[in-house]
Amino acid sequence: MQILYKNDTVKQQFCSEYKKKWRYPEQVKKKLESAENFILNSESLKDVATFPPFHFEHLLGDRKDEWSIRLGNTGYRVTMIPCDDAGKEITEGDILLHCKMIKIVKVTEVSNHYE
């Protein structure tokens, strides 16, 4: 799969090429790097959606177009929006039904869900 980023700040939060600048607890750093590697090595969004530790879920309210994965029991999550082959965000339709064809995600945030 391919990973796009909402902006440079998000890229620095998630992309392991910036890991020397990360200010996360050590456990979060390891989980974040593992999540990035897992996504990059996945065939499609289906691999991410069906990987139980991620608890892939659709968000609600103001973030209804976004999905999230959890970084273990750290309290941190990564939010993302599935994209089509041209990199355009997919915000309508049944994402889970078509996730086998989705090969690009746009990471929108890395955050501590409980802060």
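So, W22, Y24 and Y76: ring pairs link these three into a cluster. Keep in mind as we go that this is a predicted model. Searching the whole structure turns up seven aromatic pairs. Take Y5 and F14, for instance: their ring centres sit 6.4 Å apart with the planes at 50 degrees, so that pair counts as tilted. Y5 and F14 are both buried.

Then there's F38 with F54. Here the ring centres are 5.3 Å apart and the planes are at 90 degrees, so this pair is edge-to-face. What I like is where the two partners come from. F38 belongs to helix 2, while F54 is in the loop between helix 3, residues 45–49, and strand 2, so to speak a link between distant parts of the chain, 16 residues apart. And are these two buried or partly exposed? F38 has 26% relative accessibility, so it counts as partly exposed. F54 has 6%, so that one counts as buried.

Okay, on to the sheet. How are the five strands ordered? Going across, the order is 1-5-4-3-2, in an open sheet with mixed pairing. At the edges you have strand 1, residues 2–5, and strand 2, residues 57–58, and each of those pairs on one side only. As a general reminder, strands of a sheet pair through backbone hydrogen bonds, either parallel or antiparallel.

Let's walk across from the strand 1 edge. Strand 1 and strand 5 run parallel, joined by four bridges. One spot to look at is L4, whose bridge partner in strand 5 is K106. Next, strand 5 and strand 4 run antiparallel, with eight bridges between them. Y76, which we met in the ring cluster, has N112 in strand 5 as its bridge partner. Strand 5 is also mostly covered, with eight of its nine residues buried.

Carrying on, strand 4, residues 76–83, is joined to strand 3, residues 67–70, by four bridges, and those two are antiparallel. I69 has V78 in strand 4 as its bridge partner. These two strands make a hairpin with five residues between them, and in that hairpin G72 takes a positive phi near 65 degrees. Finally, strand 3 meets strand 2 through two bridges, antiparallel again, and E57 has S68 in strand 3 as its bridge partner.

Now helix 2, residues 26–40. This helix lies across strand 1, strand 3, strand 4 and strand 5, and runs at about 120 degrees to strand 1. Helix 2 has 15 residues and reaches 21 Å from first C-alpha to last, close to the 21 Å expected at 1.5 Å a residue.

Which residues of helix 2 are buried? They are V28, L32, A35, E36 and I39. Look down the helix axis and the buried residues fall within an arc of 100 degrees, so they line one face of the helix. The general background is that an α-helix has 3.6 residues a turn, so residues three or four places apart point the same way.

And what do those buried residues pack against? Strand 1, helix 1, which is residues 8–14, helix 3, strand 3, strand 4 and strand 5. Turn to the face pointing away from the buried side, and there you find the exposed residues E26 and K30.

Notes. Residues are numbered from 1 along each chain as its sequence is written. This is a predicted model: local features need pLDDT of at least 70, side-chain atom pairs count only at pLDDT 80 or more; totals for chains, interfaces and linings use all residues. Side-chain values use heavy atoms; hydrogens and water are left out. Two strands pair if DSSP finds at least two bridges between them. Contact means heavy atoms within 4.5 Å. Axes are lines fitted to C-alpha atoms, for helices over the stretch in contact, and angles run from 0 to 180 degrees between N-to-C directions. Rings of Phe, Tyr and Trp (its six-membered ring) pair if their centres lie within 6.5 Å; planes under 30 degrees apart count as stacked, over 60 as edge-to-face and the rest as tilted. Buried means under 20% relative accessible area, exposed over 50%, partly exposed in between (1.4 Å probe, protein chains only). The expected span of a helix is 1.5 Å times one less than its number of residues. The arc is that of the directions from the helix axis to the C-beta atoms.
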